[in-house]
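Dear colleague,

I am passing on the structure below, together with a short account of what was found in it. Please read the notes alongside the sequence and the model.

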Amino acid sequence: ALVNMYAKCGSLKDASSVFDRMPQRNVVSWTAMIAAHTQNGNPKVALQLFRQMHLEGVKPDRITFIGVLDACTDPVALEEGKVIHAFIVDRRFHSDVVVGNALITMYGKC
């Protein structure tokens, strides 16, 4: 909850500090950090966090995918967005309406 509060207040430094000190991170804390960096103009950091989340074995949910797809709306990140799209299909989230809308937005902005 603290990570999300700091992130929504625009204090990425404090959000990151709390996140880094968490003994165990779950999908909610990872998603909060991904969304915070995306919303505060740090899409590269958001994508790095998504990769790290995957490496640590935390499974993304539909909210995670929405946040990380938002980080891929820049044409420079299109290839990474395509990889995430394939991951979404593999995880069977492609039929989720909200995730589908996020995919449409990503491709539309690229």
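**The cysteines**

Cys72 has a relative accessibility of 0% and is therefore counted as buried. Please bear in mind throughout that the model is a predicted one. The sulfur of Cys72 has its closest cysteine sulfur in Cys110, at 7.5 Å, and because a disulfide requires the two sulfur atoms to lie within 2.5 Å, this separation is too far for a bond. Cys110 is likewise in no disulfide, the nearest cysteine sulfur to its own being that of Cys72, and the structure as a whole holds 0 disulfides. As for its surroundings, Cys110 has a relative accessibility of 31%, so this residue counts as partly exposed, whereas Cys72, as said above, counts as buried.

**The largest pocket**

Turning to open space in the model, the largest pocket encloses about 200 Å³. Its lining is made up of 13 residues, and those closest to the centre of the pocket are Asn4, Thr31, Ala32, Ala35 and Ile63. Which helices each supply at least two residues of this lining? They are helix H1, spanning 2-8, helix H3, spanning 27-39, and helix H5, spanning 62-70. Helix H3 contributes the most, giving 7 residues to the lining of the largest pocket. Sorted by character, the lining residues comprise 7 that are nonpolar, 4 that are polar and 2 that are charged.

With best wishes

Definitions and conventions: Residues numbered from 1 in each chain as written. Predicted model: local features only at pLDDT ≥ 70, side-chain atom pairs only at ≥ 80, totals over all residues. Heavy atoms only, no water. 1 Å grid on protein atoms, 1.4 Å probe; cavity = no way out; pocket = protein on both sides within 12 Å on 5 of 7 lines; lining within 4 Å. Points joined across faces, edges and corners; volume = space filled by probe spheres on them. Helix = DSSP H or I, 4+ residues; strand = E, 2+ residues; numbered from the N terminus. Nonpolar A, V, L, I, M, F, W, Y, C, P; charged D, E, K, R; others polar. Buried < 20%, exposed > 50% of the residue type's maximum accessible area, 1.4 Å probe, protein only.
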